[in-house]
6 protein chains.
Amino acid sequence: MSQNNASPARPSQRQADQLRDVKITRNYTKHAEGSVLVEFGDTKVICTASVEENIPRFLKGSGRGWVTAEYGMLPRSTGSRMDREAARGKQSGRTQEIQRLIGRSLRAAIDMNLLGENTIKIDCDVIQADGGTRTASITGGCVALADAINAMLERGIIKSSPLKQMIASVSVGIYKGEPVLDLDYPEDSSADTDMNVVMTEAGKFIEVQGTAEDGAYSFDELQAMIRLAEKGISELVDIQKQALGVSGD
Amino acid sequence: MSQNNASPARPSQRQADQLRDVKITRNYTKHAEGSVLVEFGDTKVICTASVEENIPRFLKGSGRGWVTAEYGMLPRSTGSRMDREAARGKQSGRTQEIQRLIGRSLRAAIDMNLLGENTIKIDCDVIQADGGTRTASITGGCVALADAINAMLERGIIKSSPLKQMIASVSVGIYKGEPVLDLDYPEDSSADTDMNVVMTEAGKFIEVQGTAEDGAYSFDELQAMIRLAEKGISELVDIQKQALGVSGD
Amino acid sequence: MSQNNASPARPSQRQADQLRDVKITRNYTKHAEGSVLVEFGDTKVICTASVEENIPRFLKGSGRGWVTAEYGMLPRSTGSRMDREAARGKQSGRTQEIQRLIGRSLRAAIDMNLLGENTIKIDCDVIQADGGTRTASITGGCVALADAINAMLERGIIKSSPLKQMIASVSVGIYKGEPVLDLDYPEDSSADTDMNVVMTEAGKFIEVQGTAEDGAYSFDELQAMIRLAEKGISELVDIQKQALGVSGD
Amino acid sequence: MSQNNASPARPSQRQADQLRDVKITRNYTKHAEGSVLVEFGDTKVICTASVEENIPRFLKGSGRGWVTAEYGMLPRSTGSRMDREAARGKQSGRTQEIQRLIGRSLRAAIDMNLLGENTIKIDCDVIQADGGTRTASITGGCVALADAINAMLERGIIKSSPLKQMIASVSVGIYKGEPVLDLDYPEDSSADTDMNVVMTEAGKFIEVQGTAEDGAYSFDELQAMIRLAEKGISELVDIQKQALGVSGD
Amino acid sequence: MSQNNASPARPSQRQADQLRDVKITRNYTKHAEGSVLVEFGDTKVICTASVEENIPRFLKGSGRGWVTAEYGMLPRSTGSRMDREAARGKQSGRTQEIQRLIGRSLRAAIDMNLLGENTIKIDCDVIQADGGTRTASITGGCVALADAINAMLERGIIKSSPLKQMIASVSVGIYKGEPVLDLDYPEDSSADTDMNVVMTEAGKFIEVQGTAEDGAYSFDELQAMIRLAEKGISELVDIQKQALGVSGD
Amino acid sequence: MSQNNASPARPSQRQADQLRDVKITRNYTKHAEGSVLVEFGDTKVICTASVEENIPRFLKGSGRGWVTAEYGMLPRSTGSRMDREAARGKQSGRTQEIQRLIGRSLRAAIDMNLLGENTIKIDCDVIQADGGTRTASITGGCVALADAINAMLERGIIKSSPLKQMIASVSVGIYKGEPVLDLDYPEDSSADTDMNVVMTEAGKFIEVQGTAEDGAYSFDELQAMIRLAEKGISELVDIQKQALGVSGD
């Protein structure tokens, strides 16, 4: 991590361009084809990948597969207890927005023709939230996806790997006037601007979503945030590859 | 419009940086405090702004107001009929994602302290869809919002205008390898990348949402798209101001 | 219109037996096989007819087709904003009652054997309400239905027209003690009795629904209302035929 | 019953103007303020009237009361089992249409000012269906309503009776070309036209709902059906009064 | 009934080991293959058994049948009116718990291989509640089930009877420190412990559910309650057999 | 554990009266007042206890508190992925039955008068299922409840502890003809009888729920199962107390 980018203002004492400690634990639960606990600091998400040997109706007969995602938070993953969505009888707009983002992002990792008429469902369940649950979900979810692909190869469901590239994601924002990487909850809740960036391991963009919560941001700020995201995602891809036992070089 | 940016590939024969014909008709229906028909080419959206002299519970006693939005499409606004969301019993994830975006964007137009404990609800109902319904909704919705503010001033509900700035929005994308402005449906459905940009009249960003549908995009492409969006939104703000009878200079 | 039936009491200054200005605009939106904007004075409804080449399960194999209808109101089509039914998660009893009435009425226009195993869905969406939205929906919906039939003939989906007869509808009521035709909202909301009548172009009844809101009505009043409805529907059928370019003689 | 109006065509061998056997059993269950089993031949409905000492929000402070109704069918009240609405998670359009009709009809029996700020809820639950469940519900429901009023007087909740008049209802229709009274299921399912009529004990109309299921009906047929309904309702009011121990003269 | 087990404390003056008056009326309604009104004192439940010649998807091709149950209460079956579950849009947890219990219990009466690929649905609808509605439902539901089996044999749907044994159920509890049989509502609402027992006619257990509402119970109390239940269920099986015209000896 | 009770038939090689390895990890997540990971072998449940300083409406003004529970399973906590209840829009009957059981059981641990007008909500979320999720939830939930009580004492919300006694739960069943303790999934799915028992630390019963899945069980078998449960629960209470740092003697 760079030393000369000091940001004494961050509550966590991190540098402006410094990720939280990121841990990826594979085979976290025993039933799923891929099961990962991903931790971005105090944010902890269980990501499982489930293989189903069928596809949604709109793809029948196409020879192509599908990847989709669902997202949830345990009611007390947050500072004050949230209502359980299953009990309220519907998923919030926020939940749906996030799971659509995760699904779109992870589909970019896969060659759907090589996947064949199979579906992989990624479930991201937040057991402890401290900011950045959607970016942790994408980053951990891609590792679970890679494990599920491996399981499919072992079982002979597919012949060659449809995994094109790793996908990772991080948030960036303007906190107290300064661009910072990987916002935790105290930063996120008071940031002027919050941007979630999803990139490929080759450094190209899959998704950029930047929202000014208060005020508005300039093109220069946009650029600075994106440069921070590029650095963070590069580090996250290395961590993914180490977890998977693949050389990051 | 620039002449030297020819893009013969566009199905509509438009230049790469050319908006569709945009029309804003105020007072389109008679009951709402603000009622606008906005047309981006063949995309037609009725935007109404309704004033309610109360606020959501989380703001009670704060002295501050609220702006929120809902979005819907008539079942046959599209090429093939979609199920009616009221009959299915829930709004799709896409609908919720769009109405959350419209609400966030239009809140940036308003000083909530000056609005006082009042709510303005923006309803955006698509009667004909041809791409860009969310950007048309934001652009037309802001004019309806301005009219509702005027109605509140006339009725004496508020003393001074909480309207800080106009907000407009446009889509940009990479179509056949080239950045283009204001995608219509034929372009949108085959574009590699689709980005929705929301800006203030002063040229600052409120929201940037860019998604690679197929493949991924580079930082240079991101920049090029954003520059196109800046041009388009500047023109849209002029059209908003002409519609409102305010000089755009 | 008759001159000698003066009814100075009507807020609109209309004669007791006088319709509001009725306009029917065909091809109002571009995607639907039939698309009509129908206006009964300030009541404005978009009626679209969508052709689907399949039928509900209970008709499979019967060789017969189906016509059904859905109805909705834009949230601010009314004086004060109504909750959006899609957001509330269900259609009100009133909405269901109205769409069932529209569907039953329009099925009377069609020979289901000639329609073959096809479905026509009529969507009636009120963009501005001023009384009589269900009668306007039926009257405009039948024109959209006729256009959809024409589209089916052109596309070769059917060989001969299943359109047996035009269907139109109007409301009548007892307002300030006097029978009046085609109630607008100020009349409707204070009428003692409100009756919706649906008839064929040949002057026979498809549906009569008369409700005493306050008090009760006599057989003589019932007869007088029905006679008014016959006159109004005869005029509406002429307007339908003019809109369709068919001689009303 | 008239002898000279023979209708040999009726499956039940009834005369054209003959009601089915109608029985009204009061105090059928023990908890409700009014509890009636009403039988129109094989159609059997439990009607209860429940008193609640509060009112819907829109009436708060008005000094006026409210009467409302709910309707349901036991799943196997019909020839083939219907899905349970509670299990499906919503009431059908037909159910809502019927319960709205029952509520409107029974409100005509009551002076809401004398009822005070109290609500009476009428529940009509069909335990066996053989046609005419809604007309039986209104006829039996009015007796339950009268009993609930008596209970309120006894408990001192109200000082004087708000019951203005009895309300009863019957169906009429055109069966094999002939107007007939009080259709049972075999008639109802093959009738050309079905009309439900609600009247006061004084012979005035509260509601007339006539639907041509197949074909259309003339003004003469409408008149004939209404004349039959008048006769039937007059007899039903006598039966209501006998059940209540009130002289029908 | 035993005389020497006096329990003067019971509000109903019953002995500790005394059932309420139990009545089983077959052929209560006319449409269902089995239709029973069961009365445990003032608790009255209509139990119908409906035969459907198909099975749930998970059994397709197995050659085996299925028995399932649904439960409901009329809104005013209770002392104060409950909301109608169909109107609220969902069944309560209590309802689902009870109907799952009834289904499990009645499946124990049937040999699913002999039933073949047919389903029998038991609907238990409480028209008057006074405690023990679930035990009455099981006891009456088993008689309706037996009648439905007979109807299937008569119609030739099945060749030999799949009815293995009668199933009956009763509640027991600790009321004022003493074990008592078949709690009515006044006892149930103040009992320390409430246990529902389901047994076969041979005296073996299908289900035991005992809940301490207040305090906890000892093994001796558990045994005493179960002994009471054995006695009560033995008597209930006799009543079932008498109703079915089968010798209980 | 006893040695002389060998049960070679158990897939896990456990003795008939042997619990799985049970682990209780406190402070598992950071936000909740009580947060426990409970493991019964491969069954893993996160139990959190959340304190809310208010109560349900039916207790307002009573001076008494409330304890309630909710239960969920991560979609891939099981061998094949289950639909997410939040996405389906309702909780299954099984889920509701389980969470009602957990709530009832844990209320027996608490003196509601000493709790005051506060609510403790127990969330039990299964992250890996291998049989016995409800008994693990109760056993772990009681530890989370104890921690929440401690947090309330520390914060001064309550003055003295309302915790009356520990509550624990275990399943027992008849597996291959023999009574066994603490069934895992392979046993549970093929057991003849499954019984869940909830007891106090003093060895009294809170809840007994025994279901014969196939066949029926005798009184002797019932007794044998309950004796096994007593032994298992006694051991579970010791493990709870060790986890809480309280001497089990």
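Through which surface do the copies, chain F and chain A, meet? Keep that in mind while we walk through this predicted model.

## How the copies meet

Start with the geometry: turn by 180°, add 0.0 Å of shift along the rotation axis, and chain F lands on chain A with an RMSD of 0.0 Å. That is how a two-fold axis relates things.

Now for the opening question. Of the interface residues of chain F, 100% are interface residues in chain A as well, so the copies meet through the same surface.

## The sheet in chain A

Inside chain A there's an open sheet of 5 strands, with mixed pairing and the order β1-β2-β3-β5-β4. The edges belong to β1 (22-26) and β4 (66-73) of chain A; each has a single partner strand, so one side of each goes without a neighbour in the sheet. On average, neighbouring strands here are turned by 20° against each other, ignoring direction.

Take a look at the β4 edge. There, β4(A) runs parallel to its partner β5 (residues 119-128) of chain A, and the two pair over 8 bridges. For a concrete case, Met73(A) has Val126(A) in β5(A) as its bridge partner.

## Helices on the sheet

Helix α2 (residues 93-107) of chain A packs on the sheet and touches β4 and β5 of chain A. Its direction makes about 145° with that of β4(A).

Then there's helix α4 (residues 133-155) of chain A, which lies across β1, β2 (34-40), β3 (43-52), β4 and β5 of chain A. Against β3(A), helix α4 of chain A runs at about 35°.

Terms used: Residues numbered from 1 in each chain as written. Chains lettered and ligands numbered in written order. Predicted model: local features only at pLDDT ≥ 70, side-chain atom pairs only at ≥ 80, totals over all residues. Heavy atoms only, no water. Least-squares fit on C-alpha atoms with pLDDT ≥ 70 in both. Contact = heavy atoms within 4.5 Å. Pairing = 2+ DSSP bridges. Helix = DSSP H or I, 4+ residues; strand = E, 2+ residues; numbered from the N terminus. Axes fitted to C-alpha atoms, helices over the stretch in contact; angles between N-to-C directions.
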